[in-house]
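Thanks for sharing this one. Here are my notes, set out point by point so you can follow them with the structure open.

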Amino acid sequence: MKQYKIALLKGDGIGPEIVEQAVKVLDVTAKKFGFAVEYDPADIGGIAIDNYGEPLPQITIDKCKSSDSVLLGAVGGAKWDNQPSGKRPESGLLGIRGALGLFANLRPAVIFEPLKKASPIKDDIIGDNLDIMIVRELTGGIYFGERGRGEDDGMPYAYDTEKYSVYEIERIVRVAFDLAMKRGKKLTSVDKANVLESSRLWRETVNRMAKEYPEVEVNHMYVDNCAMQLVRNPKQFDVIVTSNIFGDILSDEASMISGSIGMLASASLSSGKLGLYEPIHGSAPDIAGKNIANPLATILSVAMMLKYSLGEQQAGQAIENAVSKALETHRTPDIYEDGKIKVSCSEMGDYVCTLI
Ligand code: NAD
């Protein structure tokens, strides 16, 4: 029987509650699909500051590196807000991405049919089965480029630099092409090539690589146009690939189309199989410990883990189907609608388990 080791980074706030539900669902799924999962818990964020004096202790990095994949809840909370920068819980997140070489961030923007009403976008614009995958470069570009401050004739200035090598562009674009091949075979590369030299190199690289993927329909879009098109006609997109800063903004915009922060999963991938999977929401301190958080984003993160790191496609699909089915009748308070059964965080986890 195949055996996988998962590093479990529950984190702070609602992190432990939602990760517990995802583990329950993964255990049931493993049993059904004939593989075994072993968990290796480790601290990150505020809890790590309490236990080790830093948000990302070396032992956590070591445990993640020796695992097949990492499942993370969320970090942060008022208790640690006054920590110096670099020692705040959130710096643990940046640290783990760097330590594991996670250069590709995958953010699906999916609308489950039963939740269509929660979207701020009109029904006829969303259409049926909206499913976009945004692939964002995560370890390069302006967030990591040269920066500084100076003074010109007594006037203070500041600058940040957007710099991408062909190697960095190729590796993220390849992830996107490979995903497009498994999905609708349509790739939109987003840049600002009318203004930025780094975008022109990005575009040239995409065009060159497109020859390796003749089945994929490729188009280029300026980032300002893409921001409009996402709300004007989101159905036109299948896979979107873009730089760190553009992806940061566009993936948040796309996630709002789905209408509920408690539903959105994400994956961050390295060049190997190792990936880090987490919901896009934070630690929601306002509802922590009340057993009312929506665990579905974390459960869907496990589905992504099965598909993208562990090669258990069918098991991942089974979880996504179970979540979709659960939404027809059961809702946590954040997505509650009249006529549905209101359930707690743990009851939602239990119900999804029954549908696997
Ligand atoms: P948040 O995402 O934690 O919460 C925003 C709102 O959404 C809150 O009202 C919260 O109750 C609600 N919400 C979030 N997840 C939910 C869920 N699963 N079910 C039901 N409701 C949910 O963002 P915030 O309030 O801006 O930040 C809180 C803390 O989380 C801060 O310390 C912040 O730095 C941290 N944070 C962490 C991450 C991460 O771990 N990846 C991401 C964003 C923010």
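1. Let me begin at the ligand, where a polar backbone atom of Val 75 lies 2.9 Å from one of the ligand's oxygen atoms. Please keep in mind throughout that this is a predicted model.

2. Two side chains also make polar contacts with the ligand. In Glu 90, an N or O atom of the side chain is 2.3 Å from a ligand oxygen atom. His 281 has a polar side-chain atom 3.1 Å from a ligand nitrogen atom. As for cover, the ligand on its own has 810 Å² of accessible area, and the protein covers 68% of that.

3. What surrounds the ligand more broadly? There are 20 residues around the ligand, and those that come nearest are Glu 90, Gly 282, Ala 284, Asp 286 and Asn 294. Sorted by class, this shell holds 9 nonpolar, 7 polar and 4 charged residues.

4. Moving away from the ligand, have a look at the aromatic rings, for which the count is 4 aromatic pairs. One of them joins Tyr 4 and Phe 35: the ring centres are 5.5 Å apart and the planes meet at 70 degrees, over the 60 needed, so this pair is edge-to-face. Tyr 4 belongs to strand E1 (residues 2-11) and Phe 35 to strand E2 (residues 35-41), so the pair ties together parts that are 31 residues apart in sequence. Both Tyr 4 and Phe 35 are buried.

5. Another aromatic pair, Phe 177 with Tyr 213, is stacked, with 4.4 Å from centre to centre and 5 degrees between the planes. Phe 177 sits in helix H6 (residues 166-182), while Tyr 213 is in the loop between helix H7 (197-210) and strand E9 (217-222), so the pair ties together parts that are 36 residues apart in sequence.

6. Are the two partners of that stacked pair buried or exposed? Phe 177 has a relative accessible area of 0%, so Phe 177 is buried. For Tyr 213 the value is 10%, which is under the 20% cut-off, so Tyr 213 counts as buried too.

7. Finally, two charged side chains are worth a look alongside the rings. The charged end of Arg 171 sits over the ring of Phe 103, at 4.2 Å from the ring centre. Lys 342 has its charged end over the ring of Tyr 336, 4.9 Å from the centre of that ring.

How values were computed. Residues are numbered from 1 along each chain as its sequence is written. This is a predicted model: local features need pLDDT of at least 70, side-chain atom pairs count only at pLDDT 80 or more; totals for chains, interfaces and linings use all residues. Side-chain values use heavy atoms; hydrogens and water are left out. A residue is near a molecule or strand if one of its heavy atoms lies within 4 Å of it. A polar contact is a pair of N or O atoms within 3.5 Å; within protein, one must be able to donate a hydrogen and the other to accept it, and residues adjacent in sequence count only if both atoms are side-chain atoms. Accessible areas come from the Shrake-Rupley method with a 1.4 Å probe; for residues, only the protein chains shown count as cover. Ala, Val, Leu, Ile, Met, Phe, Trp, Tyr, Cys and Pro count as nonpolar, Asp, Glu, Lys and Arg as charged, and the others, Gly among them, as polar. Rings of Phe, Tyr and Trp (its six-membered ring) pair if their centres lie within 6.5 Å; planes under 30 degrees apart count as stacked, over 60 as edge-to-face and the rest as tilted. Helices (H or I, at least four residues) and strands (E, at least two) are DSSP runs, numbered from the N terminus. Buried means under 20% relative accessible area, exposed over 50%, partly exposed in between (1.4 Å probe, protein chains only). A charge sits over a ring if NZ of Lys or CZ of Arg is within 6 Å of the ring centre and within 35 degrees of the ring normal.
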